[in-house]
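User: Could you walk me through this one before I set anything up? I'd like to go through the contacts and the charged pairs with you.

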Amino acid sequence: MNLLDQLELYTLRVGGKGVSQKDYWLFVYNSMKSGLLMTKGLEKHLRYKLKGLGVNLEENSSVS
């Protein structure tokens, strides 16, 4: 399990019903993209994960 997965579990446990997997991964994607911290491999992985959660990144491109 990688660090982002561990942080997801912690966030979901602490945040309770106020936080969803979709919100968490969209936050990670937008944060890493805006901070130029994302490799091409990680971007591909995050896009795949978000697509599986029903997120259309084109709709959410203005969300940061």
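**Contacts and charged pairs**

Analyst: Let me start with Leu 4, which, leaving out residues up to four places away in sequence, touches Tyr 24, Trp 25, Val 28 and Leu 42. Please keep in mind throughout that this is a predicted model.

User: Where is Leu 4 found?

Analyst: Leu 4 is found in helix α1. One of its partners is Val 28, and although Leu 4 and Val 28 are 24 residues apart in sequence, their C-alpha atoms are 8.4 Å apart in space.

User: And at what angle do α1 and α2 pack?

Analyst: Helix α1, residues 3-15, and helix α2, residues 21-34, pack at an angle of about 135°, and their axes are 10 Å apart. That angle makes α1 oblique to α2, since the roughly antiparallel class is kept for angles over 145 degrees. As for handedness, α1 passes α2 in a right-handed crossing.

User: Which residues make that contact?

Analyst: On the α1 side the contact is made by Leu 4, Asp 5, Leu 7, Glu 8, Thr 11 and Leu 12, while α2 contributes Gln 21, Tyr 24, Trp 25 and Val 28. Sorted by character, the residues of this contact divide into six nonpolar, two polar and two charged.

User: What about the loop between α1 and α2, which residue is found there?

Analyst: Val 19 is found in that loop, and with a relative accessible area of 28% Val 19 is partly exposed. Not counting residues up to four places away in sequence, Val 19 touches Thr 11 and Leu 12, and both Thr 11 and Leu 12 also belong to the α1 side of the contact with α2. For a distance to check in your own setup, the C-alpha atoms of Val 19 and Glu 8, which are 11 residues apart along the chain, are separated by 10.0 Å.

User: Changing topic, how many salt bridges does the structure hold?

Analyst: The structure holds two salt bridges. In one of them the side chains of Lys 33 and Glu 43 meet at 2.7 Å, N to O. This pair links distant parts of the chain, with Lys 33 in helix α2 and Glu 43 in helix α3, residues 40-52, the two being 10 residues apart.

User: And which side chains meet at 3.4 Å?

Analyst: Those of Glu 43 and Arg 47, again taken from N to O. Being four residues apart in helix α3, Glu 43 and Arg 47 are separated by about one helical turn. Taken together, Lys 33, Glu 43 and Arg 47 are linked in a network of salt bridges.

User: Why can such side chains pair at all?

Analyst: In general, side chains of opposite charge can pair when their charged atoms come close.

User: Is Glu 43 buried or exposed?

Analyst: At 16% relative accessibility Glu 43 counts as buried, because the cut-off for buried is under 20%. Its two salt-bridge partners are listed otherwise: Lys 33 is partly exposed, with a relative accessible area of 38%, and Arg 47 is partly exposed too, at 35%.

User: What else is Glu 43 in contact with?

Analyst: Leaving aside neighbours within four places in sequence, Glu 43 is in contact with Tyr 29, Lys 33 and Met 38, so Lys 33 appears both in this list and as a partner of Glu 43 in a salt bridge.

Definitions and conventions. Residues numbered from 1 in each chain as written. Predicted model: local features only at pLDDT ≥ 70, side-chain atom pairs only at ≥ 80, totals over all residues. Heavy atoms only, no water. Axes fitted to C-alpha atoms, helices over the stretch in contact; angles between N-to-C directions. Parallel < 35°, antiparallel > 145°, perpendicular 65-115°, else oblique. Left-handed = near helix turned anticlockwise from the far one by under 90°. Contact = heavy atoms within 4.5 Å. Nonpolar A, V, L, I, M, F, W, Y, C, P; charged D, E, K, R; others polar. Salt bridge = Lys/Arg side-chain N within 4 Å of Asp/Glu carboxyl O. Buried < 20%, exposed > 50% of the residue type's maximum accessible area, 1.4 Å probe, protein only.
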